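Here are a few short exercises to work through with the model open beside you. Try each one yourself before reading its solution.

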Amino acid sequence: MYPTDEILVARGKYSTLNKERREQIKRAQKIAETMQAIIYKHVATMQTGSPCDFSELQTCMDNMAKTASKLEELIKSMREIEPLAWGE
């Protein structure tokens, strides 16, 4: 009635990876929202002729790159586990 233990373990791993994938997507969305706010702030600053400090935006870009890399790793792992967990 139930799948084998090997299949159940694979499904558990897949589920755990999928949860982490969803968390990373939420992280990417939050970073994008932060970047948007920073950009609007810089546009307002530029209109006054004041200099802009783009270091905060660079930090966001670095964090987005790390998040994208983590997502790639998670998706690769999920694809490797998927055939065992859910069949072909």
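**Exercise 1.** Does Phe54 count as buried, partly exposed or exposed, and what is its relative accessibility?

*Solution.* Keep in mind that you are looking at a predicted model.
- Start by locating the residue: Phe54 sits in the loop that links H1 and H2.
- Next, take its relative accessibility, which is 41%.
- The partly exposed class lies between the 20% and 50% cut-offs, so Phe54 is partly exposed.
- To place Phe54 in the fold, pick Thr16, 38 residues away along the chain: their C-alpha atoms are 36 Å apart.

**Exercise 2.** Work out how the axes of H1 and H2 are arranged relative to each other.

*Solution.*
- First list the elements: the protein has two helices and zero strands.
- Helix H1 covers residues 5-47 and helix H2 covers residues 55-86.
- Their axes come within 8 Å and cross at roughly 160°.
- Angles over 145 degrees count as roughly antiparallel, and therefore H1 and H2 are roughly antiparallel to each other.
- As for handedness, H1 and H2 make a left-handed crossing.
- Finally, sort the residues of the contact between H1 and H2 by class: 23 are nonpolar, six are polar and 10 are charged.

**Exercise 3.** How does the radius of gyration of the protein compare with what the globule rule gives for 88 residues?

*Solution.*
- Begin again from the secondary structure, two helices and zero strands.
- The radius of gyration is 20 Å, whereas the globule rule gives 12 Å for 88 residues.
- The value is well over the rule, so the protein is more spread out than a compact globule.
- For the outline, look at the box filled by the C-alpha atoms along the principal axes: roughly 70 × 20 × 15 Å.
- Then turn to burial: 20% of the 88 residues count as buried.

**Exercise 4.** How many disulfides does a search of the whole structure find, and why is Cys52 not bonded to Cys60?

*Solution.*
- The search of the whole structure gives zero disulfides.
- To see why, take the sulfur of Cys52: the closest cysteine sulfur, in Cys60, is 15 Å away, too far for a bond.
- The cut-off for a disulfide is 2.5 Å between the sulfur atoms.
- Seen from the other side, Cys60 is in no disulfide either, with Cys52 holding its nearest cysteine sulfur.
- Now check the surroundings: Cys52 has a relative accessible area of 22% and is partly exposed.
- Cys60, at 9%, is buried, since the cut-off for buried is under 20%.

Methods
Residues numbered from 1 in each chain as written. Predicted model: local features only at pLDDT ≥ 70, side-chain atom pairs only at ≥ 80, totals over all residues. Heavy atoms only, no water. Buried < 20%, exposed > 50% of the residue type's maximum accessible area, 1.4 Å probe, protein only. Axes fitted to C-alpha atoms, helices over the stretch in contact; angles between N-to-C directions. Helix = DSSP H or I, 4+ residues; strand = E, 2+ residues; numbered from the N terminus. Parallel < 35°, antiparallel > 145°, perpendicular 65-115°, else oblique. Left-handed = near helix turned anticlockwise from the far one by under 90°. Nonpolar A, V, L, I, M, F, W, Y, C, P; charged D, E, K, R; others polar. Rg over C-alpha atoms; globule rule 2.2 N^0.38 Å.
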